[in-house]
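Visitor: I'd like a close look at one part of this model, please. Could you walk me through it once it is on screen?

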Amino acid sequence: MNLTPMEAATKFVELNFPNCSAAFLAASAKKESIKKNSDLDIVIFDDEITFHFRRVYDYAPWPAEVFGFNESNFKEFLNRNDTSALPTIYIICTKGFVVKDNGKAESIKKMCEEHLEQGPPSWSFDELNFARFEITDQLEDLITSQNTMENYFIVNKLFTLCATFILRVNDLWLGDGKWLYRELFAYHKGVSEQFISAFESYYKTSDKQQLIDFIDSILEPYGGRLFAGFYQEEEEEDMIE
């Protein structure tokens with residue numbers, strides 16, 4: 001039996017969360033774009049859920065990746081998630097399809113829309129300096145390293161650190177995996193093209209200079225590289241291993 005993504009998600013929710021108050025299916029599950037190896041991203045709101053969870057179910061014709069909440073722990077999640085700057089749940093609930101609604105979906109959607117519109121909290125002075133330090137640390141390693149394989153790992157680390165830096169200093173949401181690039185491209189086509197050009201240059205030629213120059217250019221407006229003199233105080237409980 002051939003099911004559309006919406007039909008499959010509806011049956012999944014009916015089978016696994018029959019008493020849920022609301023369920024949303026990510027817009028990426030559009031019939032024309034879903035592939036054989038895709039999955040259904042579903043956000044569930046159910047008072048029977050004790051703890052917020054993320055679980056992948058083996059379900060046909062597509063696996064279902066479920067994010068489960070109750071009303072109380074979702075509000076707690078909102079505060080933590082704003083700090084992490086990953087808007088996945090907000091996007092599913094605001095731009096996705098309502099699979100089930102017992103009267104809660106609209107208020108959940110509105111809450112998520114408000115969080116998306118206000119954006120994540122700006123980096124503090126300490127958070128900005130820590131990001132500069134992390135990038136500088138990796139960049140200095142790259143400059144001095146002569147080991148090709150080690151350099152690949154350093155550059156891969158810099159790829160994520162730099163994309164995150166560009167978005168967060170502009171008070172923008174991040175993304176995970178492919179969504180990090182999409183958020184970067186949505187922010188500024190020219191910057192994203194410079195970003196890709198700099199990293200591609202290294203991967204293709206192993207020449208470091210274009211990448212070094214690009215990274216220095218994104219750090220410069222915020223004080224440039226930061227290494228000597230960096231200081232970070234840890235909470236006592238974080239210092240105990």
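Visitor: What percentage of the residues in the protein is buried? After that, please show me the surroundings of D82.

Guide: Happy to! This is a predicted model, where local features need pLDDT of at least 70 and side-chain atom pairs count only at pLDDT 80 or more, while totals for chains, interfaces and linings use all residues. Numbering runs from 1 along each chain as its sequence is written, and side-chain values use heavy atoms, leaving out hydrogens and water.

Of the 241 residues in the protein, 42% are buried, meaning under 20% relative accessible area (exposed is over 50%, partly exposed in between; 1.4 Å probe, protein chains only).

Now to D82, which sits in helix α2 (residues 71–84); helices are DSSP runs of H or I, at least four residues, numbered from the N terminus. D82 is buried but has no salt bridge, that is, no side-chain nitrogen of Lys or Arg within 4 Å of a carboxyl oxygen of Asp or Glu. The nearest side chain of opposite charge belongs to R168, 9.6 Å away; Lys and Arg count as positive, Asp and Glu as negative, with His and the chain ends not counted.

What D82 does have is a side-chain polar contact of 2.8 Å with H115. That term means N or O atoms within 3.5 Å, one able to donate a hydrogen and the other to accept it; residues adjacent in sequence count only if both atoms are side-chain atoms.

Beyond its neighbours within four places in sequence, D82 is in contact (heavy atoms within 4.5 Å) with H115, Y90, Q118, P120, P121 and W173.

Definitions and conventions
Helices (H or I, at least four residues) and strands (E, at least two) are DSSP runs, numbered from the N terminus.
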